[in-house]
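Colleague: Could you take a close look at one part of this model for me, the aromatic side chains, and then work outwards to whatever surrounds them? A connected walk-through would suit me best.

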Amino acid sequence: MGKTGQPVEIVVLGGGYVGLWSTRRIARGLRRELARGTARLTLISAMDHHAFHGWTAEVITGDVLPHHARVPIDRLVPGTVRRIYGEVTAVDLAARQVTARTPQGELRVPYQQLVVAVGSKDARDRIPGLRDHGWSVKDDGHLHALNDHLAEVAELAEAADPARREQLLTAVVAGGGLAGTEMASAILERLRDEVAARPRLTGLREAGLPRVVLVHAHEQLVADLHPKVAAYTAERVLEAGISVIYRQRLAALTADGATLDDGAELASATVLSALGQDVTQLPGTDLLPRDGRGRLITDQFLEVTPGVWAGGDVAAVPHPQGEGEYCRSDALWAIAHGKHLGANVARVVAGRPPVRFSYGGLGRAASLGVGHGAGELRGIPLIGWPSWLMRWLIFHWFMPSRRVALQCAAAWFHRTPWPARSRPRGAETVT
């Protein structure tokens, strides 16, 4: 119990990697306290499902079914956790209270321990026209709409004149990092599947359609990876038939396509940004310490200030093995942050000291098509099948539901291409 004799209130903000894994770890560490009512754990999430963003490209290609990549939170956390689905509109650090807007009305939730795990959002305002005419990588709702869009452009291309057909079957991807190269490969594969399923579009391959253009501001793709991996990625992208424009940026987007900063225009019906994310900043947290990117600065225990914890994209967490460096922002680091800070919150509530964060990282990888992986495992460069299989195994291992992970793995061996699914528009639901 708290000092007033009331339950210790623990509130987690966000249903992403950090929010989900910290909630589960807190619930496990305080199982008895939650059962007795001496502690209460509340998860506030804007979405009622958890999105596994690692499979974004595979959802586009049809290798992973959409409902395997987004699982209801109610199925992922214990029944002792109170769930509130709504938008956090304010955090009152002095009163230790969170305000959330829900379909049932505005709620005010007190806390003694607060986990800020609201992550990041796609940077849609960096390029004029992107919000209205472009697509983004991370937004879960956008991903499912993009799936419908890719089918629609192929349908429209069947009856279009040559110029319009070329525009419909041309996609532009901005950003030559892991996410951008992965999405460019996935979109090209998906468009080729859509075209191959339509007899009236036979022969377009010889005309260079469908076409994907990857626009990259630098001189080398995935330049932050090992040179062997970077070289393989560039070779594989060209092998797949993706056009790469180096040392250029998107300047603006319209309904007709993209304009580059040198004035060149790319006629396209699909423009996707993989240029990164902006940190989500909650009203009321302005006085908390932040780095130059707006992330909450934590200590080595993942605590921002007494009683406030953070991890993942929203946090600048000191790297346990890098002096003066912060942890990278990706799914595996976010999961590690969530597990660790969740365990520390449970320890503190139980009257024990927190433990320093010591995770050293595992690696990262992208899929450039089945059997074509590019990545690193603990600093060791891996390409081709070894990298692809490593990623496949690790991603299934870290899916939040073992049952869904097994279903997802099994579905790879019974793949049905997107065009053959006959799924009505907008019929994708969370099950």
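Modeller: Happy to. Let's start with Trp385 and Trp388 in helix H10 (residues 384–397), which are 3 residues apart and therefore separated by about one helical turn. An α-helix has 3.6 residues a turn, so residues three or four places apart point the same way. Please keep in mind throughout that this is a predicted model. The two rings form an aromatic pair, 5.5 Å centre to centre, with 75 degrees between the planes. That angle is over 60 degrees, so the pair counts as edge-to-face. The surroundings of these two residues can be told apart by accessibility: Trp385 is partly exposed, with a relative accessible area of 47%, while Trp388 is buried at 8%.

Both tryptophans belong to one aromatic cluster, whose other members are Tyr17, Phe52, Trp55, Trp392, Phe395 and Trp412. Across the model, the count comes to 11 aromatic pairs. Another of these joins Trp333 and Phe357, with ring centres 6.3 Å apart and planes at 55 degrees, so this pair is tilted. Here the partners come from separate parts: Trp333 lies in helix H9 (residues 331–349), whereas Phe357 is in the loop between H9 and strand E24 (363–367), so the pair ties together parts that are 24 residues apart in sequence. Both Trp333 and Phe357 are buried.

Tryptophan rings also meet charged groups. The charged end of Arg24 sits over the ring of Trp21, 4.6 Å from its centre. Likewise, Arg402 places its charged end over the ring of Trp397, at 4.4 Å from the ring centre.

From the cluster we can step into the nonpolar interior through Trp55, a cluster member. The largest nonpolar core has 117 residues, and Trp55 is one of those that touch the most other members, together with Leu13, Ile44, Ile187 and Leu272. Ile44 gives a good picture of such packing: leaving aside residues up to four places away in sequence, Ile44 touches Val11, Val12, Leu13, Gly14, Ile84, Gly86, Val88, Val98, Ala100 and Val109. Apart from the largest core lies another, of 12 residues, including Leu250, Leu253, Leu260 and Val271.

Helix H10 also leads us to helix H8 (residues 227–240). The buried residues of H8 pack against H10, and also against helix H7 (178–196), strand E14 (243–246), strand E25 (373–377) and strand E26 (380–383). Those buried residues are Val229, Ala230, Tyr232, Thr233, Ala234, Arg236, Val237 and Ala240. You may like a quick geometric check here. At 1.5 Å a residue, the 14 residues of H8 should span 20 Å, and the end C-alpha atoms are 20 Å apart, which agrees. After H8 comes Gly241, with a positive phi near 100 degrees.

That brings us to backbone geometry. Most residues other than glycine have a negative phi, and most peptide bonds are trans. Against that background, Val222 stands out with a positive phi of about 35 degrees, although it is not a glycine. Val222 is placed in the loop between E13 and H8, and with 2% relative accessibility it counts as buried. Leu302 is another non-glycine residue with a positive phi, of about 75 degrees. The place of Leu302 is the loop between strand E20 (296–297) and strand E21 (303–305), and at 0% relative accessibility Leu302 counts as buried. As for peptide bonds, the one from Leu209 to Pro210 is cis, with omega near -5 degrees. Pro210 is found in the loop between H7 and strand E13 (211–216).

Two further details may be handy for your setup. The count of disulfides comes to 0. Among the cysteines, Cys327 is buried with a relative accessible area of 5%, and Cys408 is buried at 1%. Finally, Asn147 in helix H5 (residues 140–158) is a polar side chain to look at, since it counts as buried at 2% relative accessibility. The C-alpha atoms of Asn147 and Gly342 are separated by 35 Å, with their positions 195 residues apart along the chain.

Key:
Residues are numbered from 1 along each chain as its sequence is written. This is a predicted model: local features need pLDDT of at least 70, side-chain atom pairs count only at pLDDT 80 or more; totals for chains, interfaces and linings use all residues. Side-chain values use heavy atoms; hydrogens and water are left out. Rings of Phe, Tyr and Trp (its six-membered ring) pair if their centres lie within 6.5 Å; planes under 30 degrees apart count as stacked, over 60 as edge-to-face and the rest as tilted. Helices (H or I, at least four residues) and strands (E, at least two) are DSSP runs, numbered from the N terminus. Buried means under 20% relative accessible area, exposed over 50%, partly exposed in between (1.4 Å probe, protein chains only). A charge sits over a ring if NZ of Lys or CZ of Arg is within 6 Å of the ring centre and within 35 degrees of the ring normal. A nonpolar core is a set of buried Ala, Val, Leu, Ile, Met, Phe, Trp, Tyr and Cys residues joined through side-chain atoms within 4.5 Å. Contact means heavy atoms within 4.5 Å. The expected span of a helix is 1.5 Å times one less than its number of residues. A disulfide is a pair of cysteine sulfur atoms within 2.5 Å.
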